[in-house]
Amino acid sequence: MSDSSSSRRRFLQQTAALGLLYGSRHSFAQMHDMHQMSPAQKPIPDAPGKNVPMLHVLQLTPFVDALPVPETMGVAHPGKLRITMREVHAKVHRDVPPTRMWSYGPTPLAPIIEARSGHPLEIEWVNNLPTTHFLPIDHSLHGCGHDIPDVRTTTHVHGARVPSKADGYPTDWFVPGKSRTCVYPLQQDAATLWYHDHAMGLNRLNTYAGLFGMFLVRDKVEDSLHLPSGKYEIPLILYDRDFTTDGQLFYATSGDPEHPWIPEFTADGILINGKIRPYLEVEPRLYRFRILNSANSRFFGLALDNHQPLIQIGSDQGLLPAPVEQKFFALAPAERADVLIDFSKSAGKTLHLRTGALDILQFRVAAQTASASPSISFPRTLRTIERTPESSAVTTRTITLNEHQDRLQNPMVMLINNKHWHEPTTEFPKLNTTEIWELVNQTEDTHPMHIHLVRFQILDRRTFDTFEYMSTKKMRFIAPAQPPAPNELGWKDTIQCPAGTVTRVIIRFEGYTGKYLYHCHILEHESNDMMRPFEVIA
């Protein structure tokens, strides 16, 4: 692997100086040190080649806006919904002018789609967006040529087991004034899914503009656990944004007008449910939080400032076998965590959810509960999850994660198996068979890899000598294999693949034949060109 380009180095230097981020190249220790700087000490990065007055988000007064909660669109059976994408203007903070953004609804918070397992749902996705994009398109990226409309979209329900035609394939985009109807069979367990744009080459910009929302699937197993519900079950959608002084979204570029793509994007403004560092009034009882990382590149390291454990009961594809108490956990882009927090011992107090050393959400705990004897207990077993035996796999595939200099077109290109998206498909798993995929990360980044259609289990991670592997293609491990962490023992659809590590997952390809894809969910990586197709065959 060659050294990073000057634009990449400049970008990383800027984000490192800025702090507030756990990017894929930054340790939590580094992030913690950067958080100790006062807002006045933290420089705002300039847009390369531009003189853009930037909003110093860290100097805004925190915890002045109440946490908004998205509208829930409950679905009858049989279910039909019509969801319209549009441009909206809304305030992200009390002291910031309204911001232009895109949404799947009339407010910045897209509606939560709530459906039942086994009850098919039909959704018409309507594109009512403007015909001109307000963020910087890189027309040199694959699928982003000048001959293609600048505004186009396709919606992917992340984590849904669906036929290929309803998966939001990147080339199945449609333009303003058009719509696409998709049917979701929902033959899957209860889980915290989400939906977002997946248009070829534009996903990073369309998502940054605001095209994402949460999608909850419920079932009888979840019902039987009597977990906190109603106003005691709250979605937390986490992401980061930069703003100009007039409150508008700012997305940095490389400074090269022909190739404005940047390798990663992290910002100093942390938003939850559309507000910068909001507050939430809670009762001294047990709450359930559905947490989604919808950021382009940022990893969140979550903890409570009073060191109270967070009780994780679910991950990407639903409930864990048993609750896992942990004082800290990392959430990569596209990952979800289903978490319980017990406020019963904090009556009348204030505590904070933080990432690193930055408090991002304030909990204002009431002196007493609204009911006489609220439940503060939770079940000790959640869902039976049988581990998939390695012996059931019919094949093992080696998938390399690569990073290269590309001086002719782009400052850096990310690849899978050293192949671009448009090259011929090389993975053809057979329907109803099981495979092991070895994700061999030769880069310096942690890549959150997402595989469409399927759910999978993590087998293990093992570090290896990257220099020897790239030089001789011989695998030499330098440490014992590490089993998945307790909060990774459920079903996953997005997996953190650390640098210099082989991450093994075992997958059963169930559901449907057809074309699908797998990719890094750092959206800047995905767009150039860390995304590959696969096809499930009969």
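Arginine 218 touches a small crowd of residues from elsewhere in the sequence: leaving out anything up to four places away, the list reads Glu114, Ala115, Arg116, Ser117, Ala190, Glu233, Arg288 and Arg290. The model is a predicted one, and in it arginine 218 belongs to strand 9, which covers residues 212-218. With 12% relative accessibility, arginine 218 counts as buried. One of its neighbours, glutamate 114, is also a polar partner, with a side-chain to side-chain contact of 3.2 Å. Arginine 218 is part of something wider, too: salt bridges with shared partners join Glu114, Arg218, Glu222, Glu233, Arg288, Arg290 and Asp338 into one network.

Salt bridges turn up in plenty of other places. In general, side chains of opposite charge can pair when their charged atoms come close. Searching the whole structure gives 31 salt bridges. One of them pairs glutamate 510 with arginine 161, and the closest N and O atoms are 3.5 Å apart. Glutamate 510 sits in the loop between strand 29 and strand 30, while arginine 161 sits in the loop between strand 6 (155-158) and strand 7 (179-184), so this pair ties together parts of the chain that are 349 residues apart in sequence. How do the two ends compare, buried or partly exposed? Glutamate 510 is partly exposed, at a relative accessible area of 26%, whereas arginine 161 is buried at 18%.

Another salt bridge brings together the side chains of lysine 492 and glutamate 335, with 2.7 Å from N to O. Here again loops are involved: lysine 492 is in the loop between helix 5 (466-472) and strand 28 (494-497), and glutamate 335 is in the loop between strand 19 (329-331) and strand 20 (336-342), so the pair ties together parts that are 157 residues apart in sequence. Both ends are tucked away from the surface by the numbers, as lysine 492 is buried with a relative accessible area of 3% and glutamate 335 is buried with 4%.

Arginine 354 and aspartate 359 make a further salt bridge, their closest N and O atoms being 2.9 Å apart. Arginine 354 is partly exposed, with a relative accessible area of 22%, and aspartate 359 is buried, with 16%.

Aspartate 359 also shows up among the neighbours of histidine 352. Histidine 352 lies in strand 21, which takes in residues 350-355, and counts as buried at 12% relative accessibility. Which side chains make polar contacts with the side chain of histidine 352? Aspartate 305 is one partner, at 2.9 Å, and glutamine 362 is another, at 3.3 Å. Setting aside residues up to four places away in sequence, histidine 352 touches Phe63, Ala303, Leu304, Asp305, Asp359, Leu361, Gln362 and Phe363.

Phe363 leads on to the aromatic side of the story, as Tyr232, Tyr287, Phe289, Phe343 and Phe363 form one aromatic cluster. A pair of aromatic rings is described by the distance of the centres and the angle of the planes. With ring centres required to lie within 6.5 Å, the count comes to 23 aromatic pairs. In one of these, phenylalanine 509 and phenylalanine 534 meet edge-to-face, with 5.9 Å centre to centre and 70° between the planes. That pair links distant parts of the chain, 25 residues apart: phenylalanine 509 is in the loop between strand 29 (501-508) and strand 30 (514-520), and phenylalanine 534 is in strand 31 (residues 531-536). Phenylalanine 509 and phenylalanine 534 are both buried.

Charges meet rings as well. Arginine 241 has its charged end over the ring of tyrosine 208, 4.4 Å from the ring centre. Over the face of tryptophan 491 lies arginine 455, at 4.0 Å from the centre of the ring.

Stepping back to the whole protein, the secondary structure adds up to six helices and 31 strands. Of the 538 residues, 62% are buried. Looking at contacts between residues at least 6 apart in sequence, 78% join residues at least 24 apart. The accessible surface is about 20000 Å², with 51% of that belonging to carbon and sulfur atoms.

Definitions and conventions. Residues numbered from 1 in each chain as written. Predicted model: local features only at pLDDT ≥ 70, side-chain atom pairs only at ≥ 80, totals over all residues. Heavy atoms only, no water. Phe/Tyr/Trp six-rings, centres within 6.5 Å; stacked < 30°, edge-to-face > 60°. Helix = DSSP H or I, 4+ residues; strand = E, 2+ residues; numbered from the N terminus. Buried < 20%, exposed > 50% of the residue type's maximum accessible area, 1.4 Å probe, protein only. Lys NZ or Arg CZ within 6 Å of the ring centre and 35° of its normal. Salt bridge = Lys/Arg side-chain N within 4 Å of Asp/Glu carboxyl O. Polar contact = N/O pair within 3.5 Å; in protein donor to acceptor, adjacent residues only side chain to side chain. Contact = heavy atoms within 4.5 Å. Areas by Shrake-Rupley, 256 points an atom, 1.4 Å probe, with all protein chains shown as cover.
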